[in-house]
Amino acid sequence: MQPAPEHSESELLQFRRHKLEELQKRGIAAFGGKFEVSHDPGTLKANFTEGLDVRVAGRILSRRQMGKATFFDIGDITGRIQCYLSKNDVGEEAYDLFVHQIDIGDFVGIEGLSFVTKKGENSIHVKVLTPMGKALRPLPDKWHGIADREIKYRQRYLDLISNDRSREIFVTRSKMVAEIRSFLHGRDFMEVETPMMQDVPGGAAARPFETYFNALDQKMYLRIAPELYLKRLLVGGFTRVFELNRNFRNEGVSRRHNPEFTMLEAYWAFSDFEQMADLVESLICHLAEKFCGGLRIKRNRVTEVRAILFMIPRLCQEHNLTLTPEANTEFQAVIAMAHKALNELDHDSANTVAQTAKEEMTRFVTACGDHLNEGQKGFFAGMLAKLEELSAEAFIDLSRPWKRTPYRDLVKGAAGEDWFTLSKEEKVQRAQSLGVHEIHAGDEHYELDQKAFEKLVEEKSFNPLFVTHVPKELVPLAKQNTTDDSVVDVYELVINGQEISPGYSELNDPIVQRERLEHQAGEEIQKIDEEFILALEHGMPPAGGIGIGIDRLIMMLTGAESIRDVVLFPQLKRKAE
């Protein structure tokens, strides 16, 4: 007997414990053992042949009892397939055991014959069913809404069981990472492994995680980048090397940042940043064509839609609206819509949700009539225009060749042709008038330039953009440009409003490198990696280097909203006891 859905969680747990005891009393191994399988559930369904003797194992995901027969689905990460179990085929005892002691969520092994039902469903006609793993807790019934995000990330296994899109993203991620390796191997790059623990955290400007090596009696750091070790290999005679592994940075957590992240770094002797840009462009286009069906990728607009929906319930209070009863009724409908949409919002529904929000907001504005002043009407008109824009599908166009533009030209185009002639105070005033607020006169000129670039250029660049010739203060490990010593020969690849990859013509002059690192370290000279400088003094060939944030790349290619949606087990604050 299956418990009624209104039972409490503790009662459901008790029911399942009782069923476990019943199985054990009958001498049945409730947690199974080895089971030879011939097919995975999803693979069998996708490559179906009728009339095969099959052995399939998986978790029961659903069941529909129809008298003396039951249809149920079993599945795993590959997908699911329907099974048909009849009392006439397996006998009364085995059938009753399945009906009364086996639950949704349990693992079972199936022996049977593949067949197609009258409704055309590819299925397995079960001849023998073997319990393989009793689930003592029930599976979640529904998966939607912000309230479930904590469970989704903390108990990823439940998300993978219940959410088709999550399974698809992580299977795709695994295949993409394998394809990246294959792509580089096919171009004669050798994969190497360098230390995860370092006594000097170098290769980037970031705060490291600290640990202690008892055997050596010294402080150590989890690496923030593998760069300085990979360059040692160039000194040693390697000409094309890459590492695809984890980096660790003890900094903030956000939609785009996880303190533990996957990074690809590659170095190519006798190359430069232009050739590395060609390599990255080829790699990303290859991945898009192989896994996304082409070079036109649907852009995720969930974050933009969510920001609008969060604002809607606050509009009345913030704008001091005095509403008629009729208008207030309309506004309450808008608020109800916003709350409901936030719970249902996902990658595939963002445009539809924006359209619904626009319709509800239009009804509200119409109902308010003369109760809105001109300023309020202008505000709501802007809101409606934004919702109109968000209701349309948007795409990232990866068609080649990708645009390449110098950093200063981009900043001048966004902040004014005279930007680089302004004083600090004038830059702050100009930037604030353009919506750049996290900016201060105490910042250095290059810091003001970078903040303007991030807000006015990077956040608004959705199609691929190689930003070239960046100020040398921002990239201390890159080679200075021969015609303009204020910039370095680098690119920063921006796609979908965020940096995806930097690439350099690597600095190989040990004298200049020491000067740059000392300037970057300031008074903390002990942070300079003397072993790296020593290696450079033995001679390093000119080279091109790249870094690609794999998590961000997969976010872009799969349309995932957050880095947590492409990292199986993202970092979370410890759960309160």
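Modeller: Before we start, one definition: the expected span of a helix is 1.5 Å times one less than its number of residues. Also, this model is predicted.

Biologist: Thanks! So how far does helix 16 reach from its first C-alpha to its last?

Modeller: Helix 16 covers residues 445-456, 12 residues in total, and reaches 16 Å, close to the 16 Å expected.

Biologist: Which residues of helix 16 are buried?

Modeller: Those are Leu448, Asp449, Gln450, Ala452, Phe453 and Leu456.

Biologist: And what covers them?

Modeller: The cover includes two helices, helix 14 (407-415) and helix 15 (424-433), along with strand 15 (465-471) and strand 16 (487-495).

Biologist: Changing topic: where does UniProt place the feature "binding site"?

Modeller: The unreviewed UniProt entry puts it at Glu492 and Glu499.

Biologist: Let's take Glu492. Where is it, and why does it count as buried?

Modeller: Glutamate 492 is in strand 16. It counts as buried because its relative accessibility is 11%, and buried means under 20%.

Biologist: What is it in contact with, leaving aside neighbours within four places in sequence?

Modeller: Glutamate 492 touches Phe453, Leu465, Phe466, Val467, Val470, Glu499, Ser501 and Pro502. Phe453 is one of the buried residues of helix 16.

Biologist: And Glu499, where is that?

Modeller: Glutamate 499 is in strand 17, residues 498-505. Its relative accessible area is 25%, so it is partly exposed.

Biologist: Which residues is glutamate 499 in contact with, again without the neighbours within four places?

Modeller: Glu458, Glu492, Leu493, Val494 and Arg552. So the two glutamates that UniProt lists are in contact with each other.

Notes. Residues numbered from 1 in each chain as written. Predicted model: local features only at pLDDT ≥ 70, side-chain atom pairs only at ≥ 80, totals over all residues. Heavy atoms only, no water. Helix = DSSP H or I, 4+ residues; strand = E, 2+ residues; numbered from the N terminus. Buried < 20%, exposed > 50% of the residue type's maximum accessible area, 1.4 Å probe, protein only. Contact = heavy atoms within 4.5 Å. UniProt positions renumbered as here; feature names shortened; annotations may be inferred.
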